[in-house]
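Welcome! Let's take a friendly walk through this model, starting with one helix and moving on to what surrounds it.

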Amino acid sequence: MLAQPDSRDIDVVEKLLAARYSCRAFKPEAVPRATIERVLAAAQKTASWCNSQPWQVTIFSGDAVRAFGEAMYRAASERAPPVTDFPFPREYQGVYLDRRRESGFQLYNALGIQRGDKAAYNKQMLENFRFFGAPHVAIITSDEALGIYGAIDCGGYVGNFMLAAQAAGLATIPQAALAGHADVVRKHLGVGEDRRVVCGISFGYPDTAHLANSYRTNRASIPEAVTFIGE
């Protein structure tokens, strides 16, 4: 006989998914190593193609995160040409462009940035490279030979990392922006071309009073995202 599912399990998942958001202002307090390792242990259970588990995670903290941030901020503020291991979207069209714009304007409105203020937009964009004040940043890399499938597996890992962090009382923000300077990242990681930079995850305790954390993005409805075929 099949075990009867406990509805409380999905209640917990739903609660965590509803509570998670991209945090753009963190408190400076460091997260205990034991808490970080528990999050990592949970995320390590992520499913992957042929159980290849292609993700490698490097976590910067303390003086190391500050030095890394200075190098990343310098590259971004000097407008160094992007160096990416995976191509960024060619363009956003239709509803995808609408959602992107809505998300951006929600942030700018929360911060009191006037529409069209490009200098303020750029200043806020550069906060990505200060990790929004987070005390820790994780860099996720994949094996070069696994190509896009390795990156997809890493995406699953990132999602589970963030969910586990939420359960542990932490806040996170996944950052593709950091992968836009893969050469700088690779230098600080001390890895070669056999590793591909997928993204970063800044994490720590949220500054809930900061205006950047005062809004939540919208989600498409099930009919907008899902097609059912058959019974």
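## The buried side of H3

In helix H3, the buried residues (under 20% relative accessible area, with a 1.4 Å probe and protein chains only) are Val 65, Phe 68, Gly 69, Ala 71, Met 72, Ala 75 and Ala 76. They lie on the same side of H3 because they cover an arc of only 165° around the axis, taken from the directions from the helix axis to the C-beta atoms. The face turned away from this buried side carries Asp 63 and Glu 70, which are exposed (over 50%).

This is a predicted model: local features need pLDDT of at least 70 and side-chain atom pairs pLDDT 80 or more, while totals for chains, interfaces and linings use all residues. Residues are numbered from 1 along each chain as its sequence is written, and side-chain values use heavy atoms, leaving out hydrogens and water.

## What covers it

Helices (H or I, at least four residues) and strands (E, at least two) are DSSP runs, numbered from the N terminus. The cover over the buried residues of H3 includes strand S1 (56-61), helix H5 (118-126), strand S2 (136-143) and helix H7 (182-189).

## The cores

A nonpolar core is a set of buried Ala, Val, Leu, Ile, Met, Phe, Trp, Tyr and Cys residues joined through side-chain atoms within 4.5 Å. The largest has 26 residues, and Phe 68, Met 72, Phe 131, Val 137 and Ile 139 touch the most other members. Its largest share, 6 residues, comes from H3. A second, separate core of 21 residues includes Val 39, Ala 43, Tyr 157 and Met 162.

How values were computed: Contact means heavy atoms within 4.5 Å.
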